Amino acid sequence: MSAPIEADEVVDARGAACPGPLMDLIGKVRTADAGTVFELQTTDSSSSHDVPEWVEKAGHELLDIVEHDGEGYWSIYVRTA
Amino acid sequence: MTERIVVVGGGTGGCVLANRLADDLGPELDRGEVELLLVTDSPQHVYKPAFLYVAFGERTLAEAERPVADLVDRRVRLRIGTATGVDTDAKRLAVAGTTDVPYDHLVLTIGCQLVPEETPGLAEGGHHFYGPDGAETLRDALSEFTEGHLVLSVIGVPHMCPAAPLEFVLIADDWFRRRGLRDDVEITYTYPIGRAHGIQSLADWATGEFAARDIHLETFVNPEEIDPEERIVHTMEGEELSYDLLVAIPPHAGSDLVSEAGLGDDGWVAVDRGTLEATHADGVYAIGDVADVPTSKAGSVAHYEASVVADRIASRVRGETPTATYDGKTVCFVESGLDEATFVEFGYGDEPAVREPSRFVHWGKLAYNESYWLTARGLL
């Protein structure tokens, strides 16, 4: 099992409906330095495809998507370009 | 001992709430057991959905405003002033230029702010219809626009009136066709995520409408900077989009008052989404745009939330256990042109059905625009 990713900044968008989680992430990335690692916490299942899609289009790096079994949310890790 | 209820904000939420409370607590107000104060920074109440029509010359700004004093019950004390802070421990509201206002129940319904300056070049290079001046300036620009590329770019999400950007391009399409200019005007709509709207069913419906009406759809567009000289939108995704007339939904922001009072991050009040009671303070509620709930920033939301909070506060004043809760109910008309509309209705987590647009629903919207003042008075 790989070591958990250490995020520089956690974006807690749990409870927010689409497009809240992705927009919360975009808002933070907008002002972040290159190389910043974000953990986006989301309870919205659609985040698992729309976040990676945007990350790829914007040229950032998707590090991992971790589902927290029993807790009902996902952590999506992104490193800014 | 007199219970003091203070409502901050004279928009839809504030006016509906103050009037509902005056109605629910009429006897207590008459006996002096309750005081009800509405603090608002403007003597005028504005019906913001009218701005969309102003941009197309269909309404005037004068039709969108009425004095708050004419809309609220005579038992509501009205103070025109700017709230500057909340001490949630001492339960006191600071209002500029006057002594602090003590409260037992405080409701924040202070809306949100437009912050176009967050996108460099936007204020100089783009138009909007989210405020009175912007709507009038856009009206003049549209009336002179006879050919070229019209771009509607949704920059700020969340934003007020969730369907308004879709409505704008659909009305613009119809408006230019009727004026015989549509072949000379290219229309593009951009949205920051991977579809045309945050609500999936609205996105699906709009995508079909756009395709049928030759409106270009660009997704994953997050403007980073506008070049007003070259008329180019530079995006976070590394792309460029040229325009002749840019209409943007500007970034929106919450309130410093909220952050400084410790009521929520980024200026939005953290609340229980059912009771609308603040998470970080007793006796504080938030409704309307400033409340951080997972639904749209729409007037109907403020309206329904106001009814819930009025019920809950009235119950507490009477020593009863409040039972009213907000279920996320949201209703939005969606104009699909100059004489047809549809509407969506949904609650928390629901996916609304989008019905076929009709003249009947458009007339319903026009009728609502006229009867809105009854809503503000708490009658509808």
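Trainee: Which residues does B:Ala18 touch, not counting residues up to four places away in sequence?
Mentor: Happy to start there, and keep in mind that this is a predicted model. Contact here means C-beta atoms within 7 Å. With sequence neighbours up to four places away left out, B:Ala18 touches B:Val7, B:Leu36, B:Leu38, B:Val72, B:Asp73 and B:Val76.

Trainee: Is α1(B) largely enclosed or exposed, and how many of its 13 residues are buried?
Mentor: B:Ala18 is itself one of the buried residues of α1(B), along with others including B:Cys15, B:Leu17 and B:Leu21. The helix is largely enclosed by the rest of the structure, because the buried residues number 12 of the 13.

Trainee: What span should helix α1 of chain B have, and how far apart are its end C-alpha atoms?
Mentor: Helix α1 covers residues 12-24 of chain B, which is 13 residues. At 1.5 Å a residue the expected span is 18 Å, so the model agrees with it: the end C-alpha atoms are 18 Å apart.

Trainee: Which helix gives the most to the largest nonpolar core?
Mentor: That core has 135 residues, and B:Leu17, B:Ala18 and B:Leu21 are among the members that touch the most others, as are B:Val269 and B:Val309. Each of domain 1 and domain 2 of chain B supplies at least three residues to this core. The top contributor, with 9 residues, is helix α10 (residues 299-317) of chain B.

Trainee: How far apart do the C-alpha centres of domain 1 and domain 2 of chain B lie?
Mentor: The assignment gives domain 1 as 3-112 + 254-329 and domain 2 as 117-251. Their contact takes 14 residues from domain 1 and 20 residues from domain 2. On the domain 1 side, these divide into 9 nonpolar, 2 polar and 3 charged. The C-alpha centres of the two domains lie 32 Å apart.

Trainee: What radius of gyration does chain B have, next to that of a compact globule?
Mentor: The C-alpha trace spans about 70 × 40 × 35 Å along its principal axes, and 50% of the 380 residues count as buried. A compact globule with 380 residues would have a radius of gyration near 21 Å, so chain B agrees with that rule, at 21 Å.

Trainee: Which helices of chain A each supply at least two residues of the side that touches chain B?
Mentor: The contact takes 16 residues from chain A and 11 residues from chain B. By class, the chain A side has 9 nonpolar, 3 polar and 4 charged residues. The helices of chain A that each supply at least two are α1 (20-30) and α2 (47-58).

Note on methods: Residues numbered from 1 in each chain as written. Chains lettered and ligands numbered in written order. Predicted model: local features only at pLDDT ≥ 70, side-chain atom pairs only at ≥ 80, totals over all residues. Rg over C-alpha atoms; globule rule 2.2 N^0.38 Å. Buried ≥ 20, exposed ≤ 12 C-beta atoms within 10 Å, placed from the backbone. Domains from an automatic or database assignment. Contact = placed C-beta atoms within 7 Å. Nonpolar A, V, L, I, M, F, W, Y, C, P; charged D, E, K, R; others polar. Helix = DSSP H or I, 4+ residues; strand = E, 2+ residues; numbered from the N terminus. Expected span 1.5 Å × (residues − 1). Core = buried A, V, L, I, M, F, W, Y, C linked by C-beta atoms within 7 Å.
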